[in-house]
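Open the model in your viewer and keep the sequence beside it. The tour goes from one selection to the next and says what is found at each stop.

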Amino acid sequence: MTTTTAVRTGLALSGVTLTYPDGESRLTALDDVELSVAPGEFVAVVGPSGCGKSSLLAVAATLLRPDRGRVLIDGVDAGALGEQQRTSLRRERLGIVFQQSNLLASLTAVEQLLVLESVRGRRPAAARRRAEELLESVGLAGPKQLRRPHQLSGGERQRVNIARALFGSPSVLLVDEPTSALDHERGAQVVELLAGVTRTHGTATVMVTHDRELLGRTDRVLEMHDGRLTAR
Ligand SMILES: Nc1ncnc2c1ncn2[C@@H]1O[C@H](COP(=O)(O)OP(=O)(O)OP(=O)(O)O)[C@@H](O)[C@H]1O
C-alpha cells in the first residue's frame, strides 16, 4: 500500500493511553491524550522531566503503539497498519528532529540529506539540488554544505537536522527538545526557523521543550503533567 494519495490534514491523537511495565504494575506515561495539529500550525508541548513528552512524540511518530486510542497522520490510522505500512507512512509523511543531532560523522551536510535518497528513488541530480536548496533555506549556504558535523556549530548541526527532516516533504514535523544543546540566542534562532518552515512547508509541527522562554513563536502551547495534556 502507498499512502501518498491521502490529503494533508496533519496530526490527530484521540484517547491515547500508553503504559510501560513497572515492576508488578504498569506506569501510565500518556493518559487519554487528545491532540490535533493542523497543517501550517506550530504547537509546543511543555512539562517537567518524566511527564511523558518523549513518549508522546514516540507515539505520534508511530514508533510506539499506544495501549488505547488512535493516531491519525493525514487521516491515516497508524494503528490499522502493519509494520511495513507504518514504515512507509513514516517515510512519506513524517519528519523527526531528535534532541541530539544524530548526524553521521563521515558525511557532509548535503550528504546527510541524500543518504536516504536511494530509498526514495529520486534522480540523483534533482535530489542533490533539492538538498542544497533546503540547506540554503535553513541558513547553510555555500561551502558549509560540504562540511562534516564536527566542522559545524551545534546550531548549524541542528539546522542540518531540520533540513534532513524536511527532505521527504513531510506533512507532520515532530521535534524533540531542539534547543537543549544550544545557548539562548541560538535556541531562539532555531525556534524561529521552525516557525518559518512550518509556514513555508505547511507542516503540522509539534515541538517538545522545557524551555518556556522560547514559546513566543509558537501558535499554541500545551502543558503536559503526569501524562495528561491540557491547554495553557
Ligand atoms: N521504556 C520505558 N520503560 C518504562 N518506563 C519508561 C520507559 N520510557 C519512559 N518511561 C517512564 O515514563 C514516564 C514518561 O517518560 P518520558 O521519557 O516520556 O518523559 P519526558 O517528559 O520526555 O521526560 P524528559 O523531559 O526527562 O525527557 C517516566 O516516568 C519514565 O520514567
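Start by selecting A12 and L72: L72, in β4, is the bridge partner of A12. Helices (H or I, at least four residues) and strands (E, at least two) are DSSP runs, numbered from the N terminus. This is a predicted model, in which local features need pLDDT of at least 70 and side-chain atom pairs count only at pLDDT 80 or more, while totals for chains, interfaces and linings use all residues. Residues are numbered from 1 along each chain as its sequence is written.

Now extend the selection to strand β1 (residues 11-22) and to β4 (68-73). These two strands pair in the antiparallel sense over five bridges; two strands pair if DSSP finds at least two bridges between them. Add β2 (25-37) and β5 (76-77) to see the open sheet of four strands, with the order β2-β1-β4-β5 and antiparallel pairing. β2 and β5 stand at the edges with a single partner strand each, so one side of each has no neighbour in the sheet.

Next, select the ligand. Which residues surround the ligand? They are Y20, L27, A29, G47, S49, G50, C51, G52, K53, S54 and S55. α1 (53-60) and β2 each supply at least two residues of this shell, and the largest share, three residues, comes from α1. By type, the shell divides into four nonpolar, six polar and one charged. Here Ala, Val, Leu, Ile, Met, Phe, Trp, Tyr, Cys and Pro count as nonpolar, Asp, Glu, Lys and Arg as charged, and the others, Gly among them, as polar.

Two loop residues come next. Most residues other than glycine have a negative phi. Select T62, in the loop between α1 and β4: T62 is not a glycine, yet has a positive phi of about 60°. Is T62 buried or exposed? T62 is buried, with 22 other C-beta atoms within 10 Å. A residue is buried if 20 or more other C-beta atoms lie within 10 Å of its own, exposed if 12 or fewer, and partly exposed in between, with C-beta atoms placed from the backbone.

Then go to D226, in the loop between β9 (220-225) and β10 (228-231). D226 also is not a glycine and has a positive phi, of about 45°. With 13 C-beta neighbours inside 10 Å, D226 counts as partly exposed.

Finally, show the whole protein chain, which has seven helices and ten strands. Buried residues make up 41% of its 232 residues.

How values were computed: A residue is near a molecule or strand if its C-beta atom, placed from the backbone, lies within 6 Å of it.
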